[in-house]
Amino acid sequence: QARLILFYYLLLAYTPSETSGKTQNNEAMSSKKFQPAIDKIDAADGANRIQKEKEAEVATVSNYLDVAKSSLKMQLLMLETQMNILETLEKQTDQEKLDMLFLLLDRDDSGSIDAVELTNFMRKMNEGMTYAGSIDMAIDYVAANDMDLSGALGKDEFKTYLDLVCNEVGSTFHEMCELILMNIYFSKNGNNKEDEAAGKLAAKQIKERVQTKAGYYATLQDGRMRALFNDFDTNNTGKVDYQEAAIGLYKLIGDMKESALEAFDLLLMYDKNDDQLMDYTEFVRLMLHACALKEKTWSEIADALVHAIKTNPDPSEDDLAKLGIAEENY
């Protein structure tokens, strides 16, 4: 036991000196400079667990006190090292924190952070979160900030994501980075080996889910989609009713009978809350579904649709009469 404790003390006391001179990868060095301190914490934690086990085995009060004191010393060393790390982080600039955080999360050194890599961070920040839950959350966060639809976050996109988180919780970027880095370094939560293996196996499917959702989010923010919705929503209520849907479709396809039937079918499919109206998000899903049926992307047909609805003629009086009959049936 004495030899084991001595070994841990020697390990805790040893800190490799920083290399002198310039390095070709200052960001990588910055992210790794805490590793000796993290090793200290892990070593002290291991020694402390051994001490706890020994407490149950001691035969005398004197031995118990010796073991208890050793355990407290290990805990103090852990706390002291953690404080040293936090004090060092506090002195860093926002850019240094961002660089370090990005490199820690970009575990495959690809230059981007994908949803699978983000799961470990999610679970460290949210105690009790399941791996499946972290996948769903990571997909949402990556997709919402994946501006180039690559299926992963570059550094600028990651910074945008962090800024949004800061706004949501009311913290500064400086504070948020410190909090995240503290959890990455100190939290015992996170993925286990089985989770990591499952993530690697499902990485391709997860990336496809991210890209699909990112495409939806991008379309939501596309000015052409908003313009098309506004042209459908002629009474400016923020929702499209049956008659507006039919008239809008008529201006796109030129046949009122077909438009009336299509509007009926589409409202049945996309009116999720059964109020006989389509809000903007339901309208976007409708248009993306129509694009998929034509084997086109929204970007490929957006300009043509916006041009058609703005330039094609309105329905005639006869067409509106037909629509009135169809609306009664609807």
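The paragraphs below walk through this structure, from the whole protein to single residues.

Start with the whole. The model is predicted. The protein has 17 helices and two strands. It contains 330 residues, and 40% of them count as buried. About 19200 Å² is exposed. Carbon and sulfur atoms supply 53% of that exposed area. Now look at how the chain meets itself. Take the contacts in the protein with a separation of 6 or more. Residues 24 or more positions apart account for 66% of them.

Next, find two helices that cross. They are H12, residues 223-232, and H16, residues 298-311. Their axes come within 10 Å of each other. The crossing angle is roughly 35 degrees. H12 passes H16 in a left-handed crossing. Which residues of H12 meet H16? They are Arg 224, Met 225, Leu 228, Asp 231 and Phe 232. On the H16 side, the partners include Trp 298, Ala 302, Leu 305, Val 306 and Ile 309. Ser 299, Asp 303 and Lys 310 of H16 also take part. By class, this contact has eight nonpolar, one polar and four charged residues.

Now turn to the aromatic rings. The structure holds seven aromatic pairs. One of them joins Tyr 216 and Tyr 217, with ring centres 5.8 Å apart. Why is this pair called tilted? The planes of the two rings stand at 45 degrees, so the pair is tilted. Edge-to-face would need planes over 60 degrees apart, and stacked would need them under 30. The two tyrosines sit on either side of a cut-off. Tyr 216 has a relative accessible area of 14%. That value makes Tyr 216 buried, because buried means under 20%. Tyr 217 has a relative accessibility of 22%, so Tyr 217 counts as partly exposed.

Another pair brings us back to H12. The rings of Phe 229 and Tyr 280 have their centres 5.4 Å apart. Their planes stand at 75 degrees, so this pair is edge-to-face. Phe 229 lies in helix H12, and Tyr 280 lies in helix H15, residues 280-293. The pair therefore ties together parts that are 51 residues apart in sequence. Phe 229 and Tyr 280 are both buried. Elsewhere, ring pairs form a cluster. It links Phe 102, Tyr 141, Phe 158 and Tyr 161.

Single residues also show how distant parts of the chain meet. Take Met 256, in helix H14, residues 256-270. Met 256 has a relative accessible area of 4%, so it is buried. Which residues does Met 256 touch, not counting those up to four places away in sequence? They are Tyr 250, Pro 315, Asp 319, Lys 322 and Leu 323. Met 256 and Leu 323 are 67 residues apart along the chain. Their C-alpha atoms are separated by 7.1 Å.

Move to Leu 86, in helix H4, residues 61-91. Is Leu 86 buried or partly exposed? Its relative accessible area is 23%, so Leu 86 is partly exposed. Leaving aside neighbours within four places in sequence, Leu 86 is in contact with Met 182 and Phe 186. The C-alpha atoms of Leu 86 and Leu 179 are separated by 9.5 Å. Along the chain, those two leucines are 93 residues apart.

Helix H9, residues 173-186, holds Asn 183. With 19% relative accessibility, Asn 183 counts as buried. Beyond its neighbours within four places in sequence, Asn 183 is in contact with Lys 124 and Met 125.

Lys 97 is found in helix H5, residues 94-105. Where does this charged residue sit? Lys 97 is buried, with a relative accessible area of 0%. Not counting residues up to four places away, Lys 97 touches Leu 89, Glu 90, Gln 92, His 174, Cys 177, Glu 178 and Leu 181.

Finish with two loops. Leu 149 is found between helix H7 and strand E2. Its phi is near 55 degrees, a positive value in a residue other than glycine. Leu 149 is partly exposed, at 38% relative accessible area. Asn 236 lies in the loop between H12 and helix H13. Phi of Asn 236 is near 55 degrees, again positive in a residue other than glycine. Asn 236 has 65% relative accessibility, so Asn 236 counts as exposed.

Technical notes
Residues are numbered from 1 along each chain as its sequence is written. This is a predicted model: local features need pLDDT of at least 70, side-chain atom pairs count only at pLDDT 80 or more; totals for chains, interfaces and linings use all residues. Side-chain values use heavy atoms; hydrogens and water are left out. Axes are lines fitted to C-alpha atoms, for helices over the stretch in contact, and angles run from 0 to 180 degrees between N-to-C directions. Helices (H or I, at least four residues) and strands (E, at least two) are DSSP runs, numbered from the N terminus. A crossing is left-handed if the near helix is turned anticlockwise from the far one by less than a right angle, and right-handed if clockwise. Contact means heavy atoms within 4.5 Å. Ala, Val, Leu, Ile, Met, Phe, Trp, Tyr, Cys and Pro count as nonpolar, Asp, Glu, Lys and Arg as charged, and the others, Gly among them, as polar. Buried means under 20% relative accessible area, exposed over 50%, partly exposed in between (1.4 Å probe, protein chains only). Accessible areas come from the Shrake-Rupley method with a 1.4 Å probe; for residues, only the protein chains shown count as cover. Rings of Phe, Tyr and Trp (its six-membered ring) pair if their centres lie within 6.5 Å; planes under 30 degrees apart count as stacked, over 60 as edge-to-face and the rest as tilted.
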